[in-house]
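Let's take a walk through a protein model together, stopping at its empty spaces, its charged pairs and one of its helices. Keep the picture open beside the text as you read.

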Amino acid sequence: MSAVLAEADVRTSKPAAAASGTAIVLLGTGVVGGALLKLLNTPAAASLRLVAAANSRRQQTDPHQLADRALREKLKSHGEPRDDAALLRALDGSGAAVKVIIDATANASLAARHADWLARGYHVVTANKALAGGELPGWRALQAAITEGGRYGDSATVGAGLPVLSTLRRLRRCGDALLTLEGVFSGSLSYLFNQYDGSQPFSALLREARKLGYTEPDPRSDLSGEDVARKLLIIARNAGFALGPDEVDVESLVPEALRNVDTDTFLARLEELDEPLARRHAEAKARGGVLRFLARLNQRGKARVGLVEVPATHPAARLYGTDNQFALTTTRYHSQPLVIQGPGAGPEVTAQALLGDVLALA
């Protein structure tokens, strides 16, 4: 499931000014950014005005070009050289009351600028986890900027827009507190282990998932567990646990010999993943269990992400496709956890989460 979020789901300390329009700059026109461009051409986005768009090398600020439905493809070979100062000038010159920077990338350097943009009064809507799920000082700088500056839409950073962060914040506002957290936080790893039954090699499934767009272009971003760890940190920090990345125990599924090779070499050697995972699958099956890549946080703040054998009766054993699952045990949801579940990967649902956060700003 994925929902257009209410205004309360966008983090803020100050009410927005009366809107006379919303102008947006889109950073990143890859898979997610491309899906968002399509949504901007629907009636749901009629109140929004795209004033600039950029990929990593080129940008476009001309209104006629921005209105072209082939904008994403054209930016691959046409447009001005990337200049973030010019992009912000386009936003400042829009005359809009609500000025939004959308970061649809995974670029850590861009994420590092979120706090500065917020402090300068821009609103930021993002799918980029690198700041909120990165080093603790960056998280703290982000919180300070949210308090003093613009508003932050981060629904797309966890669960591809599933109402995880908004639910957690609502519970905390009501005086509830997170005790433990467990779940499947990666759509790609969910798909892989939901499908993996030993009838075909893991490498074949991985190639299929990559072709479907469920993994990053370099699947090691998923298999390393680092993406799941960032999501766990974002949730934990929003729950009040001041955890750093070094406090999360992360199990990587990438063999040591493949961790530092280039992407093409890694893709050519995917079969090296097969034997270790086939052995673990067979051992789990012999005991009536299945393998799932789980994230866990306990009441003492101990956090781990990695491959776990769970019984066939475990909730994570009954997931489908790219489903994510977040089981939150709180002081009030104690005898039975609050479970949020739904598709956790895919450009369309992630783009919808971005759009929902932008609309909430208006």
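What follows is a short tour of a few features of this model, which is a predicted one.

**Empty spaces**

Where is there room left between the atoms? Rolling a probe the size of a water molecule over the atoms shows where empty space is left. Searching the whole structure in this way turns up 2 cavities of 30 Å³ or more. The largest cavity holds about 40 Å³ of space. Around it you will find V25, L27, D84, L87, L88, I101, R113 and W117. Two elements, β1 (22-27) and α4, each give two or more residues to this lining, and α4 provides the largest share, with 3 residues. By type, the lining of the largest cavity has 6 nonpolar residues, no polar ones and 2 charged ones.

Now turn to the second largest pocket, with a volume of about 410 Å³. Its lining is made of 21 residues, and L37, N41, L50, L66 and L71 lie nearest its centre. At least two lining residues come from each of α1 (31-39), β2 (48-54), α2 (63-66) and α3 (71-74). Which of the elements gives the most to the lining of this pocket? It is β2, with 4 residues. The lining of the second largest pocket divides into 12 nonpolar, 3 polar and 6 charged residues.

**A closer look at D84**

One residue from the cavity lining, D84, deserves a second visit. D84 sits in helix α4 (residues 84-92). Its side chain is joined to the side chain of R113 by a polar contact of 2.6 Å. R113 is also part of the lining of the largest cavity. If you set aside neighbours within four places in sequence, D84 is in contact with Q59, L110 and R113.

**Charged partners**

How many salt bridges does the model contain? The count comes to 19. Here are three of them, with the N to O distance for each.

| Salt bridge | N to O distance |
|---|---|
| R220 and D218 | 2.7 Å |
| D227 and R230 | 3.8 Å |
| E275 and R279 | 2.7 Å |

In the pair of R220 and D218, both residues are buried.

The pair of D227 and R230 belongs to helix α12 (residues 226-238), where the two are 3 residues apart, about one turn of the helix. Why does that spacing matter? An α-helix has 3.6 residues a turn, so residues three or four places apart point the same way. Is D227 buried or exposed? Its relative accessibility is 13%, and buried means under 20%, so D227 counts as buried. R230 has a relative accessible area of 29%, so this residue is partly exposed. The two do not stand alone, as K129, D227, R230 and K231 are linked in a network of salt bridges.

A similar arrangement appears in helix α14 (residues 274-286), where E275 and R279 are 4 residues apart and so are separated by about one helical turn. R279 is partly exposed, with a relative accessible area of 41%.

**K99 and its surroundings**

Next, find K99 in strand β5 (residues 98-103). With a relative accessible area of 23%, K99 is partly exposed. Its side chain reaches the backbone oxygen of A96 at 2.7 Å. Not counting residues up to four places away in sequence, K99 touches A23, L91, D92, S94, Y122 and H123. For a sense of scale, the C-alpha atoms of K99 and A46 are separated by 16 Å, and these residues are 53 apart along the chain.

**A mostly covered helix**

The last stop is helix α8 (residues 164-173). How many of its 10 residues are buried? The number is 7, so the helix is mostly covered. The buried residues are V164, L165, S166, T167, L168, R169 and L171. They pack against β8 (178-184), α12, β12 (323-330) and β13 (338-343). You have already met α12 as the home of D227 and R230. After α8 comes G175, whose phi is positive, near 90°.

Note on methods
Residues numbered from 1 in each chain as written. Predicted model: local features only at pLDDT ≥ 70, side-chain atom pairs only at ≥ 80, totals over all residues. Heavy atoms only, no water. 1 Å grid on protein atoms, 1.4 Å probe; cavity = no way out; pocket = protein on both sides within 12 Å on 5 of 7 lines; lining within 4 Å. Points joined across faces, edges and corners; volume = space filled by probe spheres on them. Nonpolar A, V, L, I, M, F, W, Y, C, P; charged D, E, K, R; others polar. Salt bridge = Lys/Arg side-chain N within 4 Å of Asp/Glu carboxyl O. Buried < 20%, exposed > 50% of the residue type's maximum accessible area, 1.4 Å probe, protein only. Contact = heavy atoms within 4.5 Å. Polar contact = N/O pair within 3.5 Å; in protein donor to acceptor, adjacent residues only side chain to side chain.
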